[in-house]
Amino acid sequence: MKKFFAIVLSALMLTAGTALFAACSDEDGIDVYAPDGAPALALAQLMGDEMQFGSDKSVNYNVVNANTIQTYVTGENPQAELCVLPVNAAAMALGSGENYKMLGTVTHGNIYVVSNTEKTALTAANLEEQLTGKMVGCIQLQSFVGFALQIVLDKYDIEYRITEDNEDVQEGIVNIINISDPAGQITGAAPYDYMVAAEPVVSTKTGNIPTLEQVGDLQALYGEGGYPQAVLVAKADFIENNAEFVTQFIAAVEANATWLTADATSAETVVSAVASHLPEGSTPTFNAKNLTKNVIEKCAVRFESAASCKEEVKNFLAEITAVNPKMQFNVADAFFYNAQ
């Protein structure tokens, strides 16, 4: 009899354990990821309303550290069904189109130039004169921000060099140095003539430091409409099996851009939408004080379908390779989703 009860008890424990595991896991859910910052704004309304698009599976929105976003679309069994990430990272890791396809671009540049000492607005006409012989600090010099800065300089045939010493300033050339700690290095006493940074850091810093002013718009210097910065991708097999869901998701991302700038949408609402999908204990890059309508507009959040921006993306990737030959992209036409 004891043996019988022991068997029954073991069976019940196994059943309970299985049920508990099923309750705690969501393997059948649809996982959506975006990095904190401007890219997360591209999904803010979807996250705030917990949009499910009629799916019988739960749609789980996750905002994560920008430095880890690529891990959710790579590996043997990537976690993200849909993901927002920088265009260069997406093209490098997913460009074959076999595992993921690009649905479209969602942000088009949020990079600006600030200075404590130089007050003349940077334009196409004076850019070379203003920057030559100066020290330019740049966040993320070896990734997207640095690539964008170098592309703009190349566009105007401006010679530049990269240094690791703040005092190593050469005349007749633009001197560029990495800013590894924007919070600690972009200050009123920063040892740079100019600093290149992204929103919301730019508006936060210029709002808190009386001497610091925005003097340049990298997007405007690049050209009207800016450049593709963050893109939305989806698993190829997920698209194949969930065409209607994908169509509805894209429509919601398109509508989100209008919602963000609407008078009725408060900063608190947007921040709450993002913050509620961060890992426990984390706080978003934005807060209700620094996320003004002006900042949102400067983040250039809008959706352009992969079919319509395909050539723009390819051209921009070629420009990245031109300034950094180590960045070689092999992007197939299959990478660009076409709803047809």
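**Cavity, pocket and two sheets in a predicted model**

Good morning. The count of cavities of 30 Å³ or more comes to 1 in this structure, which is a predicted model. I shall start from that cavity and work outwards.

The largest cavity has a volume of about 70 Å³. Its lining consists of V113, L122, L127, L131, V136, L149, V152, L153, Y194, V196, L218 and L221. By class, that makes 12 nonpolar residues, with no polar and no charged ones. Which elements give two or more residues to this lining? They are helix 5 (127–131), helix 6, strand 9 and helix 9 (218–222). Helix 6 gives the most, with 3 residues.

Helix 6 deserves a closer look. This helix lies across strand 5, strand 6 (135–139), strand 7, strand 8 and strand 9, and its direction runs at about 140° to strand 6. Helix 6, residues 144–155, also packs with helix 14, residues 306–323, at an angle of about 85° and with the axes 9 Å apart. That angle makes the two helices roughly perpendicular. On the side of helix 6, the contact is made by F144, F147, Q150, I151 and D154; helix 14 contributes F316, E319, I320 and V323. Sorted by class, this contact has 6 nonpolar, 1 polar and 2 charged residues.

Let me turn to the sheet beneath this discussion. An open sheet of 6 strands follows the order 7-8-6-9-5-10, and its pairing is mixed. Strand 7 (160–162) and strand 10 (213–217) are at the edges, each with a single partner strand, so one side of each has no neighbour in the sheet. From one strand to the next, the twist averages 30°. Within this sheet, strand 5 (residues 111–115) and strand 9 (residues 194–198) pair in the antiparallel sense over 4 bridges, and I111 stands opposite A198 in strand 9. Helix 8 packs on the sheet as well, touching strand 5, strand 9 and strand 10; the direction of helix 8 makes about 130° with that of strand 9.

There is also a second sheet to describe. Another 6 strands form an open sheet in the order 2-1-3-11-4-12, again with mixed pairing. Here the edges are strand 2 (59–64) and strand 12 (301–305); each has a single partner strand, so one side of each is left without a neighbour in the sheet. Neighbouring strands are turned by 25° against each other on average, direction ignored. Strand 4 (residues 100–107) pairs with strand 12 in the antiparallel sense over 3 bridges, and G104 stands opposite S305 in strand 12. Helix 4 packs on this sheet, touching strand 3, strand 4 and strand 11 (230–235), with its direction at about 115° to that of strand 3. Helix 11, residues 243–261, packs on the sheet too, and its direction makes about 145° with that of strand 12.

Finally, I come to the largest pocket. How much space lies in it? The volume is about 1,200 Å³. Of the 45 residues that line the pocket, D36, A66, N67, I139 and Q140 are the closest to its centre. Among the elements that give two or more residues to this lining are helix 2 (38–41), strand 3 (82–86), helix 4 (87–94), helix 6, and strand 8 (174–179). By class, the pocket lining has 24 nonpolar, 18 polar and 3 charged residues, whereas the lining of the largest cavity has no polar and no charged residues.

Thank you for your attention.

Conventions: Residues are numbered from 1 along each chain as its sequence is written. This is a predicted model: local features need pLDDT of at least 70, side-chain atom pairs count only at pLDDT 80 or more; totals for chains, interfaces and linings use all residues. Side-chain values use heavy atoms; hydrogens and water are left out. Axes are lines fitted to C-alpha atoms, for helices over the stretch in contact, and angles run from 0 to 180 degrees between N-to-C directions. Angles under 35 degrees count as roughly parallel, over 145 as roughly antiparallel, 65 to 115 as roughly perpendicular and the rest as oblique. Contact means heavy atoms within 4.5 Å. Ala, Val, Leu, Ile, Met, Phe, Trp, Tyr, Cys and Pro count as nonpolar, Asp, Glu, Lys and Arg as charged, and the others, Gly among them, as polar. On a 1 Å grid over the protein atoms alone, a cavity is a set of points where a 1.4 Å probe fits but cannot get out, and a pocket is an open set with protein on both sides within 12 Å along at least five of seven lines; lining residues have an atom within 4 Å of a point. Grid points are joined across faces, edges and corners, and a volume is the space filled by probe spheres set on the points. Two strands pair if DSSP finds at least two bridges between them.
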